[in-house]
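Work through the following exercises with the coordinates open in a viewer. Each task is followed by a solution in steps.

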Amino acid sequence: MRAIRLNRVLWPALAAVAACGRPDFNTDLNPDGPPEVVLVAVPSESAEGEAATYCKSGVAPEKTNGNYCPEENPEAVGPITDATPLGLYVRVAFDELLDPSIETLNEQEDGTVLGELDPGAGSIECDGNTVAWSGFYDPTGSHLTFPAGPALVFNVTDPVTTGWSCTIALSDMVVDKDGNALGEDDRSFTFQIAPLHVSQTSPADEDKDVPITEEDENGDEIPAVVLVDFNNFVDAASLAGKVSVEDGGGNDFAVDVSVDEDSPITVVIAPAGGGTFAKGTTYTVTLDAGIADIGGGTMSDPYTFTFTTAAP
């Protein structure tokens, strides 16, 4: 997502040059039409950043963007199956400049200019659900840059559900500067949202010497809690009966379980009744399969981790 934000910062000045200064300026990518989609990228959990869900085959090796696509056999790049459900966007990169009228340039109160893609530029559908987006046209970059360009960037504004299968479809509005439209093979691309899973815990698995108290924002000492972060917003109701804690002797340890109101990806596991974990004790935390995100996507496998509190 960082690349997107950088582009939005750089975009105002660049957009003014590309769209207004030289509307007849030829790109060195592909001066002839029709425009072709060279790659489609989304943020991927395994890549820890932007990765290609589609690479065009038949591209000359010297024009293959090695940041996304292998020089040999680019068609081997299959659809992404672990797109991030939070901060999701789709970058569609082309081999030439597009007609800049596909977006409107809006001057902001601070004097900067931001582009807004025409709502008819395309659509995103996931598991039969139309997903809202806002986007912009980035005329910068080439077949070798990262991020690649020129590109249309669709920022998803609706919550998406883990496990969803998604398709982005481009419309007839996407044309090059000579008015050439996209071919049928450059209209629709697929990817899949990652399944719901635990992304990190605090304490981490097998942590030792974990304190049983901590300080709040006022400096007061309070019982320490366990935090479990997921990759999407968690449905609090789905937690009922699915979170358990055992001590080193295999005895159940009573806990209160909730979703953090300020960070709804975080499940808070606190000793019941305002108590504390015991000192010098190893605890095993188990989160059962079936925990769900707010859209109904579920965690398919249980997740277990342990930690040991500091000795007396």
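The exercises below go from the whole chain to single strands and ring pairs.

**Exercise 1. The chain as a whole**

Task: State what kind of model this is, and describe its confidence, secondary structure and extent.

Solution.
- Step 1. The model is predicted. The mean pLDDT of the protein chain is 88, and 90% of its residues reach 70 or more.
- Step 2. Residues 1-27 stay under 50 in pLDDT, and the model has 49 contacts beyond four places in sequence for them.
- Step 3. One helix and 21 strands are assigned to the protein chain.
- Step 4. The C-alpha trace spans about 75 × 45 × 35 Å along its principal axes.
- Step 5. The protein chain has 312 residues, of which 42% count as buried. Its accessible surface is about 15,200 Å², with 48% belonging to carbon and sulfur atoms.
- Step 6. Take the contacts between residues at least 6 apart in sequence: 69% of them join residues at least 24 apart.

**Exercise 2. A sheet of five strands**

Task: Give the strand order and the edge strands of the open sheet that contains β1.

Solution.
- Step 1. The order is β2-β1-β3-β9-β8, and the pairing is antiparallel.
- Step 2. β2 (49-55) and β8 (133-138) are the edge strands, each pairing on one side only.
- Step 3. From one strand to the next, the twist averages 20 degrees.
- Step 4. Six bridges hold the antiparallel pair of β1 (residues 37-44) and β2. Within this pair, V42 has A51 in β2 as its bridge partner.

**Exercise 3. Strand β6 and its partners**

Task: Sort the residues of β6 by face, then find its pairing with β10 and with β7.

Solution.
- Step 1. In a regular strand, side chains alternate between the two faces of the sheet.
- Step 2. In β6 (residues 122-126), the covered face has G122, I124 and C126, while S123 and E125 make up the uncovered face.
- Step 3. β6 pairs with β10 (residues 165-170) in the antiparallel sense over five bridges. C126 of the covered face stands opposite C166 in β10.
- Step 4. β6 also pairs with β7 (residues 129-131), antiparallel, over three bridges. E125 of the uncovered face stands opposite T130 in β7.
- Step 5. β6 and β7 form a hairpin with two residues between them, and D127 in the turn has a positive phi of about 45 degrees.

**Exercise 4. A sheet of four strands**

Task: Which strands stand at the edges of the open sheet with mixed pairing, and what does each edge lack?

Solution.
- Step 1. The strand order is β13-β21-β20-β17.
- Step 2. β13 (207-210) and β17 stand at the edges with a single partner strand each, so one side of each has no neighbour in the sheet.
- Step 3. With direction ignored, neighbouring strands of this sheet are turned by 25 degrees against each other on average.
- Step 4. β13 and β21 run parallel and are joined by two bridges. V210 stands opposite T309 in β21.

**Exercise 5. Aromatic pairs**

Task: Classify the ring pairs F253–Y283 and F277–F307, and locate their members in the chain.

Solution.
- Step 1. The structure holds nine aromatic pairs. The rings of F253 and Y283 are 5.1 Å apart, centre to centre, with 65 degrees between the planes, and this pair is edge-to-face.
- Step 2. F253 is in the loop between β17 (243-246) and β18 (255-259), and Y283 is in β20 (residues 282-287); they are 30 residues apart.
- Step 3. Y283 has 1% relative accessibility, so this residue counts as buried, the cut-off being under 20%.
- Step 4. The ring centres of F277 and F307 are 5.5 Å apart and the planes are at 85 degrees, so this pair is edge-to-face.
- Step 5. F277 is in the loop between β19 (266-271) and β20, and F307 is in β21 (residues 303-309), again a separation of 30 residues. Both F277 and F307 are buried.
- Step 6. Ring pairs link F253, F277, Y283 and F307 into a cluster.

**Exercise 6. A loop glycine**

Task: Is G273 buried or exposed?

Solution.
- Step 1. G273 is in the loop between β19 and β20.
- Step 2. The relative accessible area of G273 is 78%, so G273 is exposed, the cut-off being over 50%.
- Step 3. G273 and A254 are 19 residues apart in sequence, and their C-alpha atoms are 8.7 Å apart in space.

Technical notes. Residues are numbered from 1 along each chain as its sequence is written. This is a predicted model: local features need pLDDT of at least 70, side-chain atom pairs count only at pLDDT 80 or more; totals for chains, interfaces and linings use all residues. Side-chain values use heavy atoms; hydrogens and water are left out. Rings of Phe, Tyr and Trp (its six-membered ring) pair if their centres lie within 6.5 Å; planes under 30 degrees apart count as stacked, over 60 as edge-to-face and the rest as tilted. Buried means under 20% relative accessible area, exposed over 50%, partly exposed in between (1.4 Å probe, protein chains only). Two strands pair if DSSP finds at least two bridges between them. Axes are lines fitted to C-alpha atoms, for helices over the stretch in contact, and angles run from 0 to 180 degrees between N-to-C directions. Contact means heavy atoms within 4.5 Å. Accessible areas come from the Shrake-Rupley method with a 1.4 Å probe; for residues, only the protein chains shown count as cover. pLDDT is the predictor's confidence in each residue, from 0 to 100.
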